[in-house]
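The following exercises concern strand pairing, side-chain burial, cysteines and helix packing. Each task is followed by a worked solution.

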Amino acid sequence: MQRDTPDNANPTILNVSQLPSRAQKRSTARVGSDSKYDSVVLSSPYWSDASSDDGQEAREEAADDALDEQEIYDLISTVSDPEHPHTLGELNVVRLPDIHLTPPRDNPRGLANVLVELTPTINHCSLATVIGLAVRVRLEQALPPNYRIDIRMKEGSHAQDDQVNKQLADKERVAAALENDTLGGVVDNMLKTCVL
């Protein structure tokens with residue numbers, strides 16, 4: 001899928017220092033496991049018995065450990081672009097204000113919804129669907145199973161945003177795309193730069 005001439009040969013590239021970061025927000029150093037999501041995935045009440053004596057404590061802990069938009073951004077901003085040697089965060093395809101998270105209400109095991117709106121570098125980007133597919137795969141691999149993922153092109157950012165959004169929302173099309181060896185290879189390549 002790598003082409004000789006990119007759609008946007010001269011994209012605007014953000015400096016890493018311009019990307020949203022939790023570094024300035026987090027005041028305490030992390031202690032413990034290698035992955036900052038281990039506490040969410042491995043020991044959260046999503047998989048433990050929240051009806052025990054300390055069920056209330058487990059629910060409060062789940063609320064404290066719940067993922068937020070910054071963590072979703074951190075997961076997907078490091079996905080590389082299929083045409084350029086830069087990440088989606090550096091190309092401003094993924095933006096923190098365009099990530100919307102609706103946490104489960106009153107039930108830590110309930111469904112949470114994640115909506116990510118992507119902004120291609122040009123409005124006729126031929127690889128918009130591939131980029132959306134890579135973002136979907138990244139989130140499906142990293143998030144707990146109670147998160148429902150919706151990837152879309154930001155309204156008006158792509159000449160065929162309705163068509164691209166339909167493709168990204170169709171489970172059968174997504175599954176068929178990932179079974180295609182060539183397309184699967186492109187997505188795997190894009191995910192090599194992900195840090196977590």
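**Exercise 1.** Determine how many bridges join strand β2 to β3, and which residue of β3 is the bridge partner of Ala112.

*Solution.* In this predicted model, β2 spans residues 112-118 and runs parallel to β3, with seven bridges joining the two strands. Within this pairing, Ala112 has Tyr147 of β3 as its bridge partner. Between the two strands the chain passes through helix α4 (residues 128-142), and the resulting β-α-β crossover is right-handed.

**Exercise 2.** Assign the side chains of strand β3 (residues 147-153) to its two faces.

*Solution.* The side chains alternate along the strand. Step one: Tyr147, Ile149, Ile151 and Met153 point to one face and are buried. Step two: Arg148, Asp150 and Arg152 point to the other face and are not buried.

**Exercise 3.** Classify Cys125 and Cys194 as buried or exposed, and state how many disulfides the whole structure contains.

*Solution.* The cut-off for buried is under 20% relative accessible area. Cys125 has 7% relative accessibility and therefore counts as buried. Cys194, at 16%, is likewise classed as buried. A search of the whole structure finds zero disulfides.

**Exercise 4.** Describe how α4 and helix α7 (residues 181-191) cross, and which residues make the contact.

*Solution.* First, the geometry: the two helix axes come within 10 Å and cross at roughly 65°. The crossing of α4 past α7 is right-handed. Next, the contact: α4 contributes Val130, Ile131, Leu133, Ala134, Val137, Arg138 and Gln141. From α7 come Leu183, Val186, Val187, Met190 and Leu191.

Methods: Residues numbered from 1 in each chain as written. Predicted model: local features only at pLDDT ≥ 70, side-chain atom pairs only at ≥ 80, totals over all residues. Heavy atoms only, no water. Buried < 20%, exposed > 50% of the residue type's maximum accessible area, 1.4 Å probe, protein only. Helix = DSSP H or I, 4+ residues; strand = E, 2+ residues; numbered from the N terminus. Pairing = 2+ DSSP bridges. Right-handed = clockwise from strand over helix to strand, strands pointing away. Disulfide = S-S within 2.5 Å. Axes fitted to C-alpha atoms, helices over the stretch in contact; angles between N-to-C directions. Left-handed = near helix turned anticlockwise from the far one by under 90°. Contact = heavy atoms within 4.5 Å.
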